[in-house]
Structure formats: structure tokens, C-alpha cells
Amino acid sequence: MAEKIESLQDIKAAARSEAAVAPRKPNKDKQGRSYATGKRKDAVARVWIKPGKGNITINDKSLDQYFARPVLKMIINQPFEVANRENEFDVICTVKGGGLSGQAGAIKHGIAKALNEYEPELRTVLKKAGFLTRDARTVERKKFGRAKARRSFQFSKR
């Protein structure tokens, strides 16, 4: 090191310059796949992506068999459309918990994270679209003394 580090600011500046120089390497396994976990509401999706023809398999079923609604199919394909990678990756995923809407959101989150692992240069595009951020909204729990989470029982003066 040519420069002398004397304060905490100097250490932070040196760490920033080293981080800027070293680009992130793609994270792939021996089979060329990238893995990520996506979550939405109570649904959890384990997602693997690998180069392919655009086939999407969910719990050993095709995308058309698992999700009948076109809106859910569109949600799942959003990360590929934003990154301009349509029909370039095969997706294999297992999803548990929640309903169909939550599962589609979990798969979308997992695909975006796996794309980020596979091609780190796509991070800015995916982050700007909001696909890498986990949507933390979940159902509020039911409280005692109430009919639901917030609704009270009907009040009558008599």
C-alpha cells in the first residue's frame, strides 16, 4: 500500500476502492445452475435457473398446468422481460405454502435473485424494478377478544 492509513475514514475509503475494482463473479454450481430462495406472504420457492429454451417447471408440473391464470404466468416472467432474457433460461422450482398468488410472487422473487447470482451485472436493472426486494407484507395475526385481527364483535347496549 502506497498510502498511509491513519483514520477510520481512510480504512473505509480503501475498502470502497477495493470493492469497486473487484467485479462480482457469477455463482454457479457444477451443472451450470444458479440457486435462490424467493418468499412472498407464506409461500417459499426454491428456484434453480440454467441456460435453456425457457421451460419453467414448478413442482414437477409445467407452468401452464400449475398456474392457469395468465396474470400469474405474467408475474413469473417479469424478471426475464425486464432483463431482456426471455426464453434463455430453464427454471426448475419447488414451492410450498400460501396460495397461488403468493406462490407466483415467491417464484418471481426467486427467479430475480437467481438471475442476479447467475449474471451479477443485471443487479441494477432488477433492483430498479423492485424484484430483489422481498415484499414483507403478511397477514396480521388474530388477537384475543376480537373477531379477526382488528374487527371487534358487534356492540349492543341492551
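Which residue in the hairpin of E1 and E2 takes a positive phi? In this hairpin, which has two residues between the strands, Lys41 takes a positive phi near 55°. The legends below describe a predicted model, in which local features need pLDDT of at least 70 and side-chain atom pairs count only at pLDDT 80 or more, whereas totals for chains, interfaces and linings use all residues. Residues are numbered from 1 along each chain as its sequence is written, and side-chain values use heavy atoms, with hydrogens and water left out.

**View 1. The whole chain, with five helices and five strands.** Helices (H or I, at least four residues) and strands (E, at least two) are DSSP runs that are numbered from the N terminus. Followed along the sequence, these elements give the pattern α-β-β-β-β-α-α-β-α-α. The radius of gyration, which is taken over C-alpha atoms, is 22 Å, well over the 15 Å that the globule rule gives for 158 residues, so the chain is more spread out than a compact globule. That rule is 2.2 Å times the number of residues to the power 0.38. Along the principal axes, the C-alpha atoms fill a box of roughly 85 × 50 × 25 Å. Of the 158 residues, 30% count as buried, where buried means under 20% relative accessible area, exposed means over 50%, and partly exposed lies in between (1.4 Å probe, protein chains only). The chain exposes about 11100 Å², of which carbon and sulfur atoms supply 52%; such areas come from the Shrake-Rupley method with a 1.4 Å probe, and for residues only the protein chains shown count as cover.

**View 2. An open sheet of five strands with mixed pairing.** The strands stand in the order E1-E2-E5-E3-E4, and the edge strands, each of which pairs on one side only, are E1 (34-40) and E4 (61-62). Two strands are said to pair if DSSP finds at least two bridges between them. Strands of a sheet pair through backbone hydrogen bonds, either parallel or antiparallel. Here E2 and E5 pair in the antiparallel sense over eight bridges, with Trp48 having Ile92 in E5 as its bridge partner. By contrast, E3 and E5 run parallel and are joined by three bridges, and Thr57 also stands opposite Ile92 in E5.

**View 3. The hairpin of E1 and E2, with a helix packed on the sheet.** Seven bridges join E1 to E2 (residues 43-51), and the two strands run antiparallel. Among the bridge partners, Ser34 is matched with Ile49 in E2, and Lys39 with Val44 in E2. Helix H4 (residues 100-118) packs on the sheet and touches E1, E2, E3 (56-58) and E5 (89-96), and its direction makes about 145° with that of E1. Such angles run from 0 to 180 degrees between N-to-C directions, using axes that are lines fitted to C-alpha atoms, for helices over the stretch in contact. In a regular strand the side chains alternate between the two faces of the sheet. Along E1, Ser34, Ala36, Gly38 and Arg40 point to one face and are buried, while Tyr35, Thr37 and Lys39 point to the other and are not buried.

**View 4. The largest nonpolar core, with 31 residues.** A nonpolar core is a set of buried Ala, Val, Leu, Ile, Met, Phe, Trp, Tyr and Cys residues joined through side-chain atoms within 4.5 Å. The residues with the most contacts inside this core are Ile49, Ile58, Phe67, Ile76, Ile107, Ile111 and Leu115. At least two residues come from each of E2, E3, H2 (63-66), H3 (70-82), E5 and H4, and H4 gives the most, with eight residues. Ile58 touches Leu63, Tyr66, Phe67, Ile76, Cys93, Val95 and Ile107, not counting residues up to four places away in sequence; contact here means heavy atoms within 4.5 Å.

**View 5. Two residues with a positive phi, Lys41 and Asn84.** Most residues other than glycine have a negative phi, and most peptide bonds are trans. Lys41 lies in the loop between E1 and E2, and at 40% relative accessibility it counts as partly exposed. Asn84, in the loop between H3 and E5, has a positive phi of about 55° although it is not a glycine, and it is exposed, with a relative accessible area of 53%.

**View 6. Ser152, in the segment after helix H5 (123-129).** Ser152 is partly exposed, with a relative accessible area of 34%. When its neighbours within four places in sequence are left aside, Ser152 is in contact with Arg146 and Ala147.
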